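Subject: Structure for your review

Dear colleague,

Please find below the structure that I agreed to pass on to you. My notes on it follow directly after.

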Amino acid sequence: MLEVENVSKSFGKVQALKNVSLSVKRGEILGIIGPNGAGKTTLFNVISGFYKPDKGKIFFEEKDITNLPAHKISAMGLLRTFQRGGYLGNLTVLENIMLAAAMSARDMREAERKSIEALKEWGLIEKKDFLADDLTFMERRLLDLIRVTIAEPKLVLIDEIVAGLKPVEIEYVLSHLKRLHDKYVTLIIVEHVVKSLVKICNRIIVLNQGEKIAEGTPLEITQNENVIRIYLGESRLA
């Protein structure tokens, strides 16, 4: 479904990505982990068209999207969340979701109907008339997920959606991601919370200093000594 082939990206003298390759099959949940500065968000920015790679190719459903702008890539069904949120704080929760729903709805009446259904499903219906800025941190995370998934995407890039959440909140978000996946949506999830990815992902890729250093099942990654040294520290090997 998605093929990233030897992608590199530099900012001045800093090489954020170096010959990174990965593939994602339809219906898969792929996790990407790595320490700060590993290149995880840069990779998302390149895949989604916000950055152009210095070299390499990106294919989505066998179509070359390497040099396409972000809005054309999203129109093809490849959407993403952002660490700082993509909602409009001065609009209500319902208005935010309706704007996203309009991408796939026939008209605004259908967009409103779909938005109400999504709010009920995600447990935010009682907050539909709240301004987005007035939501709790957890609720803003849910709003981001609703906005990106209501447009009926084929592939969603999820950037650190559970960062800063309490354990019970993480479990709630993960349960909804699993339900989303059950609707045949393919997911790529970047996270620092490794335990979260182990619970939900089919495969995990590890980045460090812009390079892919490991790839495997969650069990293989958690037992990989090189990953433990680089990502968790020498003390965790004991």
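**Two residues of helix α3**

Ile 97 is found in helix α3, which covers residues 93-101. Please note that the model is a predicted one. With a relative accessible area of 0%, Ile 97 is buried. Leaving aside residues up to four places away in sequence, Ile 97 touches Ser 115, Leu 119, Leu 143, Ile 146, Arg 147 and Ile 150. By contrast, Val 7 lies 33 Å from Ile 97, C-alpha to C-alpha, and the two are 90 residues apart in sequence.

Asn 96 is found in helix α3 as well. The relative accessible area of Asn 96 is 1%, so this residue counts as buried, the limit for that class being under 20%. Its contacts, again without residues up to four places away in sequence, are Tyr 87, Leu 88, Leu 91, Ala 132, Leu 143 and Arg 147. Leu 143 and Arg 147 thus appear among the contacts of Ile 97 and among those of Asn 96.

**The two domains and their interface**

The protein chain is divided into two domains. Domain 1 is made up of residues 1-38, 47-77 and 153-237, while domain 2 runs from 85 to 151. Between the C-alpha centres of domain 1 and domain 2 the distance is 25 Å.

How many residues of each domain are in contact with the other? On the side of domain 1 there are 16, and on the side of domain 2 there are twelve. The area buried between domain 1 and domain 2 is about 1,300 Å², and carbon and sulfur atoms give 70% of that area. Within the part that domain 1 buries against domain 2, Pro 153, Ile 161 and His 176 supply 33%, more than any other three residues.

Polar and charged pairs also occur across this interface. The rule finds three residue pairs in polar contact between domain 1 and domain 2. The count of salt bridges between domain 1 and domain 2 is one. A salt bridge is formed by Glu 121 and Arg 179, whose closest N and O atoms are 3.6 Å apart.

Which elements supply the side of domain 1 that touches domain 2? Strand β7 (155-159) and helix α6 (167-182) each supply at least two residues. The largest share comes from α6, with seven residues. By type, the residues on this side of domain 1 divide into ten nonpolar, two polar and four charged.

**Salt bridges elsewhere in the structure**

Side chains of opposite charge can pair when their charged atoms come close. The structure holds 17 salt bridges, and three of them are described here in turn.

In one of these, Asp 54 pairs with Lys 9, with 3.9 Å between the closest N and O atoms. Asp 54 belongs to the loop between α1 (40-47) and β4 (55-60) and Lys 9 to strand β1 (residues 2-11), so the salt bridge ties together parts that are 45 residues apart in sequence. Asp 54 is partly exposed, at a relative accessible area of 48%, whereas Lys 9 is buried, at 13%.

Another salt bridge joins Glu 152 to Lys 114, where the closest N and O atoms are 3.0 Å apart. This pair links distant parts of the chain, 38 residues apart: Glu 152 is in the loop between α5 (137-149) and β7, and Lys 114 is in helix α4 (residues 108-122). Are these two residues buried or exposed? Glu 152 counts as exposed, at 54% relative accessibility, and Lys 114 counts as buried, at 10%.

Arg 203 and Glu 215 also meet through their side chains in a salt bridge, at 2.3 Å from N to O. Since Arg 203 lies in strand β9 (residues 203-208) and Glu 215 in strand β10 (residues 211-216), the pair ties together parts that are twelve residues apart in sequence. Arg 203 counts as buried, at 17% relative accessibility, while Glu 215 is partly exposed, with a relative accessible area of 37%. Arg 203 and Glu 215 belong to a network of salt bridges that also links Glu 28 and Lys 212.

Yours sincerely

Methods: Residues are numbered from 1 along each chain as its sequence is written. This is a predicted model: local features need pLDDT of at least 70, side-chain atom pairs count only at pLDDT 80 or more; totals for chains, interfaces and linings use all residues. Side-chain values use heavy atoms; hydrogens and water are left out. Domain bounds come from an automatic or database domain assignment. Contact means heavy atoms within 4.5 Å. Buried area is the accessible area (1.4 Å probe) that two parts lose on being put together, summed over both. A salt bridge is a side-chain nitrogen of Lys or Arg within 4 Å of a carboxyl oxygen of Asp or Glu. A polar contact is a pair of N or O atoms within 3.5 Å; within protein, one must be able to donate a hydrogen and the other to accept it, and residues adjacent in sequence count only if both atoms are side-chain atoms. Helices (H or I, at least four residues) and strands (E, at least two) are DSSP runs, numbered from the N terminus. Ala, Val, Leu, Ile, Met, Phe, Trp, Tyr, Cys and Pro count as nonpolar, Asp, Glu, Lys and Arg as charged, and the others, Gly among them, as polar. Buried means under 20% relative accessible area, exposed over 50%, partly exposed in between (1.4 Å probe, protein chains only).
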